[in-house]
Amino acid sequence: MVPLLVVLPLIGAGITLAATGRTGVQRVVSMTVLAAMLVLAGWLLWAADTQGPQVMLVGGWMPWEGIVLVVDRLAALMVIVSTTVTMGVLAYSVGQGASSFDDESDGHSPLPVFHPSILVLAAGVTTTFVSGDLFHLYVGFEMLLAASFVLLTLGGTVERVRAGTTYVLVSLLSSMIFLTAIALVYAAAGTVNLALLAQRLGEIQPGTAALLHVMLLIGFAVKAAVFPMSGWLPDSYPTAPAPVTAVFAGLLTKVGVYAMIRTQTLLFPQTRFDDLLLWAALLTMVVGILGAIVQDDIKRMLSYTLVSHIGYMLFGIALGSTIGLAAAIFYVAHHILVQTTLFLVTGLVERVGGSTDTARLGDLARISPIVGVLFFVPAMNLAGIPPFTGFLGKVGLIQAGVDDGRWLAWALVVASVVTSLLTLYAVARVWGRAFWSENPEGITGSGPLRGGHHGALGLGVLLPTGALVAVGVGLVVVAGPLYDVTTRAAVDLMLRTPYLDAVLGTGVSL
């Protein structure tokens, strides 16, 4: 079952590309593939939770000879969350009559590359989660980046091409660093298999291991938008269409975070550079949220909060404890869902108001109350208001920081609280200006759908957005069992032996 998580979206991409001009076929194939992936991921999570990591030796080759695919609790959970939000985004894009996003067209002429690209993106994201060696992890990164280059420039407008150029340059730079690190790892250890590296990296010179560790961290930090390597994100994401921005915000930075979790726990349990990562987490939180609170454009505000909240995840990773790692994994799952939802709601705001600039918006709570509700709920979740999962994840991280006891951990605890309050201020500022202030352009405004006819948005875009909002609220109900899963995942990650035994067999000596 494990390879199907990657094979199915690639087959779907081929079918949808062959079905160019037949939008209905593309939609059915895409949704069917993603639904099948979700079911498979759910089954694999159950199997990994009850039986241990699920391993596939591709082609029957041994781990030191070929590619290994591994699905443990962490990988399965990430696949479930990423597939869920991808389905929501795809349903939204279908509902808005698009699959196109050509600003110079009538908005309804299909761009046939959208469905193949979104499926290749899903395949790339899934590949990074299930890869059992560094080079295959690199292949997953390149798959999703290639698809993201296409999605980011859909429509070919000047702004999108300019933003796409910046994104491409930054992505190629991080990929170059990552690939160079892989080559050096192979030269030093004679393998790129993660399980074998877990054994061999402890035997090489400490200085060499530290250099390899730093290079991998830099490559992943660029992809995860960790400060000071985060400046590219707020300039790249806001120019894309709402569905594209939503899936980017939810997934692309999280694959970098996932790679950091995997390598920190499996490859470098001793030389972790924890203090350096704690400083990076602190600066990412503070600088990101300070950028968010001065933004007038909703997309840019959310992009800066995205950067800021990467700091929470890095905080949990850097603590190097089971409780911190469990809270970080929980927060990753929460943030993927909430950030994707907020960008989709921003797309609704743009459709209703004709802009995402709060200086040009106003009175949206009366004009379209349903959009107001859809924005308010995930915004409060992002800000960490009880009883939402954002609050639970932050409490877990704060508890881990307090238990750690170091002064730097205490500084992160304070920064976490301050960042949460400033996040509340940022979303409340948008809420007040866009939804409750007087409309500066009159009731009818300049937006194509103004005038109180929020029904003109159509159920096609309201239902997928509402469904993701409902899933976010529903996570509160299952927060206990979900936290238990993330805790068990963290325990296995810190022990390392469940992963190593599954890949290399029992009796592995560390």
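In this predicted model, the lining of the largest cavity is made up of ten nonpolar, two polar and one charged residues. The cavity itself has a volume of about 100 Å³. Of its 13 lining residues, Leu145, Tyr167, Ser171, Lys223 and Trp232 sit closest to the centre. Helices do much of the work here: at least two lining residues come from each of α5 (134-152), α6 (158-189), α8 (206-224) and α10 (242-266). The top contributor is α6, which hands over four residues. As for the wider tally, the model has six cavities of 30 Å³ or more.

Now for the outside of the protein. A nonpolar patch on the surface brings together Met1, Leu4, Val7, Ile11, Ile15, Trp43 and Trp46, and their combined accessible area is about 680 Å². Two elements give two or more residues each to this patch, namely α1 (4-18) and α2 (23-51). Of the elements involved, α1 gives the most, with four residues.

Ile11 makes a handy example from the patch. This residue is found in helix α1. Is Ile11 buried, partly exposed or exposed? Its relative accessibility is 46%, and since the partly exposed class runs between the 20% and 50% cut-offs, Ile11 counts as partly exposed. That value is also over the 30% relative accessible area asked of patch residues, and Ile11 is indeed one of the residues that form the nonpolar patch.

Key:
Residues are numbered from 1 along each chain as its sequence is written. This is a predicted model: local features need pLDDT of at least 70, side-chain atom pairs count only at pLDDT 80 or more; totals for chains, interfaces and linings use all residues. Side-chain values use heavy atoms; hydrogens and water are left out. Patches are made of residues with over 30% relative accessible area and no salt bridge: like charges are joined within 9 Å, nonpolar side chains (Val, Leu, Ile, Met, Phe, Trp, Tyr) within 5 Å. Accessible areas come from the Shrake-Rupley method with a 1.4 Å probe; for residues, only the protein chains shown count as cover. A salt bridge is a side-chain nitrogen of Lys or Arg within 4 Å of a carboxyl oxygen of Asp or Glu. Buried means under 20% relative accessible area, exposed over 50%, partly exposed in between (1.4 Å probe, protein chains only). On a 1 Å grid over the protein atoms alone, a cavity is a set of points where a 1.4 Å probe fits but cannot get out, and a pocket is an open set with protein on both sides within 12 Å along at least five of seven lines; lining residues have an atom within 4 Å of a point. Grid points are joined across faces, edges and corners, and a volume is the space filled by probe spheres set on the points. Ala, Val, Leu, Ile, Met, Phe, Trp, Tyr, Cys and Pro count as nonpolar, Asp, Glu, Lys and Arg as charged, and the others, Gly among them, as polar.
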